Every structure is written in structure tokens, then in C-alpha cells.
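Colleague: I'd like to learn how to read a pocket in a model like this one. Can we go through it together?

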Amino acid sequence: MSAVSAPAEHIEQIRDAVDERLRRRRQRRLFQNNETYAAAALALATVIALVWANVGDSYQTFWHTSAAVSLGPFEIDLTLHEWVDEGLTSVFFFMVGLDVRRDLTLGDLRLPGHALLPAAAAVGGFIVPAVVFVLVTGGGDGAHAWGAVISTDTAFALGMLALIGPRHAPRLRLFLLAFAVIDDIGALTVIAIFYSGSLNLVALAVAVAGLAVIWLMARRGVWRVPPYLVLGVVIWYALYRSGVHATLAGVLIALLMPVYTVRTRDVDESNEIATLYRQAPAPATALALRESLIYSMPLNQRLAFVLPPYVNYVVVPLFALANAGVVLSADSLGNAFSSRLTWAIVAGLVLGKVLGVGLGAGLVLRLVPHSRLHGLDMPRILGLGALSGMGFTISLLVVNIAFEDETLRDQARLGVLLASLMALVLAWVIFRVAGRLSPLPEPAGEVLERPVDVERDLTVGDQDAPHVLVNYADMNDEGRWRLAEALQASQHLVQSGELLLVMRHIVSGPESLLAALALEAAAANKEPNLWPFHDALAALRGGITARTITRAARETGIDVDALWRRIDSRTDEKKVLADSDDVEDLTEDGAPVVYIDGRRLTRLLHSWTITDEINRLNQEAADQEDSVQRP
């Protein structure tokens, strides 16, 4: 019995509706996660706090309002300011902890070669500023607040990098992210050791027990959020009572959240339930599908996707609103500008950060030359070092913990605000001077290495199509069959003559080389079923062997004897290896690399992003044509 297929017009309507929905969602996410907008929200909250603090007494009155929560024998009586600093800021540290754990498990920090340079820069970036701070204070009032100059405000720094940093330098952002992760680990360790009060061992034991339960839950595969949320509240309260700064609960819990690459089995189970829902839509099946989809994505990645808009536009701006309100009277400004504490913070964050980051990175680049990363040179690293002097969030937090005296707090806060502004200006100057004296080369892999040769490459579609998609893929990699599905779903673009598909190879081992040689052999033998043969190999999902290649060839009508004669001759091996050399070092895990019209597509590789990119290019071409025709 043949499957029931929907009319072409109906499919087109569905595709248009989904396209519009995904486009609106993407635009909303781009706004929510825009680092420059997040930095602007933080800056706006800072300005509001400064204005509010200097108009009457309502600022101090409001933030010192008591807000108690009690449940039976348990009670927390904090001011609104303390709720922000110890309660709401825990969410910020939770998000930081998620980033740390994910980077240590899946990101650059899991690779010693990639982690060495940002790690050395981060270590230098919190040792040297602390030394500079202590030297400037001379061991006088406020010397114990050296922790205020060791950390970087990641939100501010990333936002300003997007605004003033060099264009087309993705490695700078990755370096800053890795740097900030290590920097945050150091800052949180310092807060835990040097800025926590006397310990309540019973409460601390309760917190440790709660963390142990979370670890066990993660090991047992608990994937729903509520159990973690309930335990998180308990751990936060226990740490608050223990004398350890309660915000550390956020990062400790986040470090235990499950994180791993998405498992194919889980995705396949979701697809099976989706098929059942399509066959017989029902509430129970819809709920099962929703749960299956949520389960398929690890908890760390789910939360890291959901939290940034709330942290960027609610948590961090509220923190700035509660902590940046410095009274700017003539007397207070005079005291602050004449205070050694103010200038110690400025010197630590501005001068100390540049010197520390430059010293740490310079030593590694000199002693371990292979640690050098493309697109990262000393001028750009010094620019990032200057930008890391924007210590805002954690700096203000340490100031609040370190000082009881409001006058010293105001002097230190003003130092943090001045340092952030001066660090931004210094970073801008360094980036501009470096851009003129030593421009960055085009990032590796952003542009197609070799033009398409229709006589040499494996192609499908109209050779005169206005758009060309070149995909490099490892036939033995899981990403190959996923991309194959995406390309099959984009066949309407090929059939309409709008897109030419070109396949090139990535070789990661003998199996992927064997599969690539099989495809080249089928093409050289002028087999009419080349692409069904390709799809059959992709459907093996990595199960490439000589036997499975032979079976796929028979099933798709390929001449098996002629195929193996060509494979055994190794005639096409040079071509296959040349393809793989084009994208060497662009992907560490064998994931596909895709170019559309010669530019690399760095978004998710599914049919919608491919179609959306084609539509964007069409719109761009139409706009250019209109501008040329317009008088």
C-alpha cells in the first residue's frame, strides 16, 4: 500500500507557514540574545541608578526596604538590595556555571591546546590586577577588597566587543568566552574563600547533601526541571545560613547539570512519536511528543537556551540598578577622586588587566608556539585585555561584600564605573590602531577554497542555477545523514532550477575514505543511480563497511564489479583527499561544512536555514538591483 501524499499546493502552504513562523521566532531570538542590546540594557540601568540616587532619598529608602519570607521555623529577612545581590544574582551565576560546565565538557576548554592560551591570559588577568591594586592601596583602607579587580563582566565585554571589535573575527569572541569562563571560575573561588563569613557547619552539611542529591539525580537521568528547582532553593537557603555567599549555590548547581552531545537514539524516539501523532492526533500523544522532545535535549543545553534573555534584560540590569547608585555630590566626588581606593580599582581593572592578559598570553605564545590560534595576535589580545577591565557585575558584588562603610563603598563603586568607561575607551583605541597597522586576514574557511568544477565535482541540479550549495561531509559521520535529510527536503529548490548541489568529501578514517571512493567510482562509471546510492550510504548512519557498500550498490542498481574495480584502483583517492584538505581544521568532530554562493553557512544545517539563506540572498540581490535602477 503506498503512502498517502499531500497535494503539492498544500505542501507549499505548509512550508510557507512554517517558514514565516520560524523567521519570526529567529528574529525574536536574535533580539533577545543580542549582546550589544544586553550591554545597552546594562548601561541604561546604570545611568538610571546614578540619576535616581542623586534625586532625593528614595533610592536608598527603596533598596533598604525589608522584605521577609517565612515558612514555619524558616525565615529570611533581607532588604530588597540583599535579595538582588544574594538571591537574583544567583540566577546570573547559575548561567555562568552552565557555560563553564558546557565548555569544559564539549567546548574549547576540553582541548588542552585550545584552552592553554585563554587560560594563561585569564590567570594573568586576575593575578596582575590584584597585585596592582594592593600596590596602589599600599596596604591601607580597602586593601582587602582586591577581589573587586580580578573579574570581567562577560555581558558587558561581549556586547562591547560586538560594537567596537574588528569585524569578521569570530576567534576573538571565542577567545573572550573561554577567557571569561576561566576568569569566572577564579572569581567565584576567591569569593568562596576570601569573602564568606564564619561557617555554620550544619547548614553547610545540608548544602553539600543537597548537591550530592542533585549529582545522583543527574546520574540517574532525571530530566525534569522542578526537582532540581526545589533542591536548588534548599541549597541556596542552606548556603545563605552557612555563611558562604549564597550566590555560589547557582554555579555549584549548574556544574552538576547533565551535559552531553544529543543522542541519536533520543532523536529517533521523538521522530517515531511524531509519526504516531501525525497518524492519529490526540492530546496524550501530543504530550508524549512534547516530553520526548524535551528529554532529547540535555538539561544544561535546554536551560542555557532559555535563560539568557531573562538574565540579560532582567537579572543583570536589576543588579546594576541596585548597586550603581553612587551619590555624585561635590563632597563625595572630591573624596572619591582623592581616595587611593578609587584609583587602586581603576589601576587594577584598566592597567592591571591589560598587563596581566598580555603577560600571560605572551608567555604562552613564546614558549608554546603551537598554541597560537588563527585570527588571534598580540594586538587583538591586548584589546581584549583592555576590554576585560569592564569588571562591573562581580566587581560591584565584591565591593558590597568587602565593605560595611557606605563611604568606602561609594568610592569603590565610582572606581568600578570609571574603570569600565576607561577600559572601553582603551580597548577601542587598541583595536583601531591595530586595525590600521596590522589588519586581520580573512578568517580561515569563511570563503570557499576552490571554485566549483562541474566536470570534476559531484553535482545535482541545473549547472546554471543562480545559487550553489557546496557541502563537505564525512560519509561515516552522523552529521552526514542528517545533512542528507536536510538536502532532500530542499529538493524543491533544485527541481525549480534555483539551486545546484555540490558534494565534496571529509575524510576522518578508512571507512569514510572507502565511502568517498565508492561515490567517486559510481560517478566515474556514469551510474544513473549515483544519488540514490549516495542516499543509501547516508542511511547507513555511519555503518560503513565493504559489505554494506556492496549491499547499498545492489539495492540501488549499481554495477558492483565495476564499482569495486574503480575503488581498488585508488584512482580517485587524490581528489578525495584534496577535498578533505580544503576544510582541514575547520571542524574537529567531522561535522559537515556547507557553503552557499561561496560563503560558509554557520547556522544550524537543516532545510529551513538553507531555504532562508537562499531567500535572504534573493532579497539582497533584489535590493541591489532596485538601488541601481533608482535614479
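Colleague: Before the pocket, what percentage of the 631 residues of the protein count as buried?

Modeller: Keep in mind that this is a predicted model. Here 47% of the 631 residues count as buried, taking buried as under 20% relative accessible area. The protein exposes about 30600 Å², and carbon and sulfur atoms supply 61% of that.

Colleague: And how many helices and strands does the protein have?

Modeller: There are 27 helices and seven strands. Along the principal axes, the C-alpha atoms fill a box of roughly 90 × 65 × 55 Å. Among contacts with a separation of 6 or more, 79% come from residues 24 or more positions apart.

Colleague: OK, on to pockets. How do you find empty space?

Modeller: You roll a probe the size of a water molecule over the atoms, and that shows where empty space is left. In this protein, the second largest pocket holds about 440 Å³ of space.

Colleague: Which residues lie nearest the centre of the second largest pocket?

Modeller: His 81, Glu 82, Asp 85, Asn 400 and Arg 409 do, out of 21 lining residues. Elements giving two or more residues to that lining are α3 (58–63), β2 (74–79), α4 (80–105), α18 (392–402) and α19 (406–437).

Colleague: Which element gives the most to the lining?

Modeller: That's α4, with four residues.

Colleague: How does the lining divide into nonpolar, polar and charged residues?

Modeller: Evenly: seven nonpolar, seven polar and seven charged.

Terms used:
Residues are numbered from 1 along each chain as its sequence is written. This is a predicted model: local features need pLDDT of at least 70, side-chain atom pairs count only at pLDDT 80 or more; totals for chains, interfaces and linings use all residues. Side-chain values use heavy atoms; hydrogens and water are left out. On a 1 Å grid over the protein atoms alone, a cavity is a set of points where a 1.4 Å probe fits but cannot get out, and a pocket is an open set with protein on both sides within 12 Å along at least five of seven lines; lining residues have an atom within 4 Å of a point. Grid points are joined across faces, edges and corners, and a volume is the space filled by probe spheres set on the points. Ala, Val, Leu, Ile, Met, Phe, Trp, Tyr, Cys and Pro count as nonpolar, Asp, Glu, Lys and Arg as charged, and the others, Gly among them, as polar. Buried means under 20% relative accessible area, exposed over 50%, partly exposed in between (1.4 Å probe, protein chains only). Contact means heavy atoms within 4.5 Å. Accessible areas come from the Shrake-Rupley method with a 1.4 Å probe; for residues, only the protein chains shown count as cover.
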